[in-house]
Amino acid sequence: MSSIKEYQANFEISEQEIEQARVLLRQVHEQTLDGIKAGKGPFCAAVYQQHKFILATSNSVVEEQCALNHAEMNAIRAACLHYKSFDLAPFELSLYINAEPCIMCLGGIMWSGIKQVFFSVPSSQVEEITGFDEGFKPHWFEEFARRKIKVCGGLEAELGRKVLRQYVAEKRPIYKPTR
């Protein structure tokens, strides 16, 4: 591992936790590729309860013709059904995502009770590679910290960028509203 800090976090995180997050994010990138092959969008979110895999969902915006069906929103919906609760806080869940959440997904995460978020590719790079509009998100790391939601991002970003570039190279749909 390099000595350069390649991630950003709003909490103190150990090297062991970083390595565990890297392992899980590599799995998310594999799930993202599987989803793309199945006709899904280039984003995947996985829910874990204390490092135990619970579920993973892909972005299904185009497939299901619904702008709300981002991977994170699908994962939150599936977790609520799994736990039969609108409040996921008691379950101490972590969300692992191949890219930084957009503005809509940040709201969903905040209101769901998810306790930790780990992501790979920062929004600025997602926008640069794909053209997706990630939305206006000022100081969200700090706002999540204020709400006791831990965030760590930028892990396994090169692998994530590779997946996004592949999606674009295959001329898959870039979904965004016309303005």
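Two strands pair if DSSP finds at least two bridges between them, and the views below use that rule on a predicted model.

**View 1. An open sheet of six strands.** Here the strands run in the order 1-6-5-4-2-3, with mixed pairing. Look to the edges for strand 1 (8-9) and strand 3 (52-58): each has a single partner strand, so one side of each is left without a neighbour in the sheet.

**View 2. Strand 2 beside strand 4.** Strand 2 (residues 44-49) meets strand 4 (residues 93-99) in the antiparallel sense, and the two are joined over five bridges. To find your bearings, start from Q49, which has L93 of strand 4 opposite.

**View 3. The largest nonpolar core.** This core holds 37 residues, and those with the most contacts inside it are F43, V47, L88, L95, I109, V117 and F144. Helix 3 (residues 71-83) is the element that gives the most to this core, supplying six residues. A second core, separate from this one, has 15 residues, among them Y7, Y48, C152 and L155.

**View 4. The surroundings of I109.** With neighbours within four places in sequence set aside, I109 is in contact with I76, L95, I97, P101, I114, V117 and F144. Three of the partners to pick out, L95, V117 and F144, are also listed with I109 among the residues with the most contacts inside the largest nonpolar core.

**View 5. Aromatic rings around Y48 and F53.** The whole structure contains ten aromatic pairs. In one of them, Y48 and F53 meet edge-to-face, at 5.5 Å centre to centre and with 70 degrees between the planes. Y48 is buried, at 3% relative accessibility, whereas F53 is partly exposed at 40%. Follow the ring pairs onward and you will see Y48, F53, Y96 and F118 linked into a cluster.

**View 6. The F119 and F141 pair.** The ring centres of F119 and F141 lie 6.1 Å apart with the planes at 85 degrees, so this pair is edge-to-face. F119 belongs to strand 5 (residues 116-121) and F141 to helix 6, so the pair links distant parts of the chain, 22 residues apart. F119 is buried at 2% relative accessibility, and F141 is buried too, at 7%.

**View 7. Two loop residues with positive phi.** H51 sits in the loop between strand 2 and strand 3, and its phi is near 70 degrees, a positive value in a residue other than glycine. K148, also not a glycine, has a positive phi of about 65 degrees. You will find K148 in the loop between helix 6 (140-146) and strand 6 (150-153), where K148 is exposed, with a relative accessible area of 68%.

Definitions and conventions. Residues numbered from 1 in each chain as written. Predicted model: local features only at pLDDT ≥ 70, side-chain atom pairs only at ≥ 80, totals over all residues. Heavy atoms only, no water. Core = buried A, V, L, I, M, F, W, Y, C linked by side-chain atoms within 4.5 Å. Buried < 20%, exposed > 50% of the residue type's maximum accessible area, 1.4 Å probe, protein only. Helix = DSSP H or I, 4+ residues; strand = E, 2+ residues; numbered from the N terminus. Contact = heavy atoms within 4.5 Å. Phe/Tyr/Trp six-rings, centres within 6.5 Å; stacked < 30°, edge-to-face > 60°.
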